[in-house]
Amino acid sequence: MSNVVIAGQHILLPDLTEELTTEEGALCLPADESERRSFLDEHGAGVKVAVTSSFAGFDADLMDALPDLELIANFGVGYDSTDVEAASERGITVSNTPDVLNDGVADLGVGLIIDVLRGISASDRFARAGKWKNGAFPLQREVTGRRVGILGLGRIGQEVATRLEGFRCEIGYHNRNEVETSYRYFGGAEELAGWSEVLVVLTPGGAATKALVDADVLAALGPEGYLVNIARGTVVDEDALVQALNDATIAGAGLDVYPNEPNINEALMALDNVVLTPHIASGTRETRRAMADTVLENVRTWLADGRAVTPVN
Ligand code: DGY
């Protein structure tokens with residue numbers, strides 16, 4: 001009997017899977033539905049800890065198949081793919097990996113801003129296609145001095161803002177509540193977008209923020225405005241975004257996240273004023289190792305004395 005199972009092991013850091021299996025005796029939940037059912041019948045009872053990731057998630061049915069489950073340790077800061085309400089109802093603690101990915105995610109956010117405003121990826125395609133011979137690449141926009149609105153100024157947003165201060169950008173933000181900062185506060189997403197030249201989405205995912213960036217917010221951002229999303233795909237109304245990009249009612253977008261990962265809307269892929277990365281914001285060796293260490297700390301502290309170091313519920 002094992003105390004620990006891993007769900008979605010194919011998308012976990014391989015080193016973490018290795019450490020959990022060799023040092024904690026963890027078993028991997030099969031991805032195949034029928035194999036999973038017989039695995040749960042055989043090994044479900046007695047499992048106290050499940051490790052999952054922001055990409056895999058954990059639903060109420062899986063919780064019910066593990067009657068002794070006490071902790072779900074999420075590899076990731078965002079936990080919208082785990083049903084935290086169902087976990088709380090069942091007395092199950094959920095933990096995540098906060099803080100250790102702030103730098104990695106902020107770096108990519110700034111990278112997307114620079115790329116989409118300066119056309120780095122687009123000009124790379126232009127150069128490789130041999131188009132330079134026929135004329136220069138179109139003029140781009142400078143990052144320096146831009147007004148940047150951060151939708152969701154938390155710890156990652158603060159890191160993005162600090163980096164952009166180096167570019168002499170003006171920073172504004174919208175949160176549900178005003179926080180203590182010198183950055184300019186806006187009472188709503190639309191007001192923030194109306195002021196911003198670049199709108200960076202950093203809110204958590206989930207029902208509360210679904211399609212928060214809608215057609216009205218994009219219209220407020222305007223034809224000179226850029227959208228960068230490094231939070232969750234669900235926060236942006238994707239149909240409205242495709243329409244705004246096609247109609248040039250916004251200037252461009254840098255996206256790391258999508259509503260239906262790992263699928264990316266074909267309409268976005270066809271556009272040259274969009275930079276697309278496959279949810280890699282936390283995907284550095286440094287960050288993923290630190291996330292793995294936080295997961296291990298939660299698992300081990302729980303097994304030793306029934307306590308999580310970074311609980312979310
Ligand atoms: C997170 O931690 O929530 C990230 O989105 C995963 O890279």
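## Terms and model

Two strands are taken to pair if DSSP finds at least two bridges between them. Helices (H or I, at least four residues) and strands (E, at least two) are DSSP runs, numbered from the N terminus. The structure is a predicted model, in which local features need pLDDT of at least 70, side-chain atom pairs count only at pLDDT 80 or more, and totals for chains, interfaces and linings use all residues. Residues are numbered from 1 along each chain as its sequence is written.

## Two domains

The chain is divided into domain 1 (4-98 + 285-305) and domain 2 (102-276), with bounds that come from an automatic or database domain assignment. Between the C-alpha centres of domain 1 and domain 2 the distance is 32 Å. Four residues of domain 1 are in contact with five residues of domain 2, where contact requires C-beta atoms, placed from the backbone, to lie within 7 Å. On the side of domain 1 that touches domain 2 there are no nonpolar, two polar and two charged residues. In this classification Ala, Val, Leu, Ile, Met, Phe, Trp, Tyr, Cys and Pro count as nonpolar, Asp, Glu, Lys and Arg as charged, and the others, Gly among them, as polar.

## The five-stranded sheet

One open sheet has five strands in the order β2-β1-β3-β4-β5, with parallel pairing. Strands β2 (27-28) and β5 (93-95) stand at the edges with a single partner strand each, so one side of each has no neighbour in the sheet. Helix α1 (residues 14-24) packs on this sheet and touches β1 (4-6), β3 and β4. The direction of α1 makes about 155° with that of β1; such angles run from 0 to 180 degrees between N-to-C directions, and the axes are lines fitted to C-alpha atoms, for helices over the stretch in contact.

Within the sheet, β3 (residues 49-53) and β4 (residues 71-75) run parallel and are joined by five bridges. In this pair, V49 stands opposite L71 of β4.

## The seven-stranded sheet

A further open sheet, of seven strands, follows the order β8-β7-β6-β9-β10-β11-β12, and its pairing is parallel. Its edges are formed by β8 (184-185) and β12 (274-276); each has a single partner strand, so one side of each is left without a neighbour in the sheet. Five bridges pair β6 (residues 147-151) with β7 (residues 170-174) in the parallel sense, and G149 stands opposite G172 in β7.

## Surroundings of the ligand

The residues around the ligand are S54, G76, V77, G78, L101, A281 and S282; a residue counts as near if its C-beta atom, placed from the backbone, lies within 6 Å of the molecule. This shell has three nonpolar, four polar and no charged residues.

## Backbone details

Most residues other than glycine have a negative phi, and most peptide bonds are trans. D99, in the loop between β5 and α5 (102-118), has a positive phi, near 70°. The peptide bond from E261 to P262 is cis, with omega near 5°, and P262 is found in the loop between β11 (252-255) and α11 (266-269).

Note on methods. Contact = placed C-beta atoms within 7 Å.
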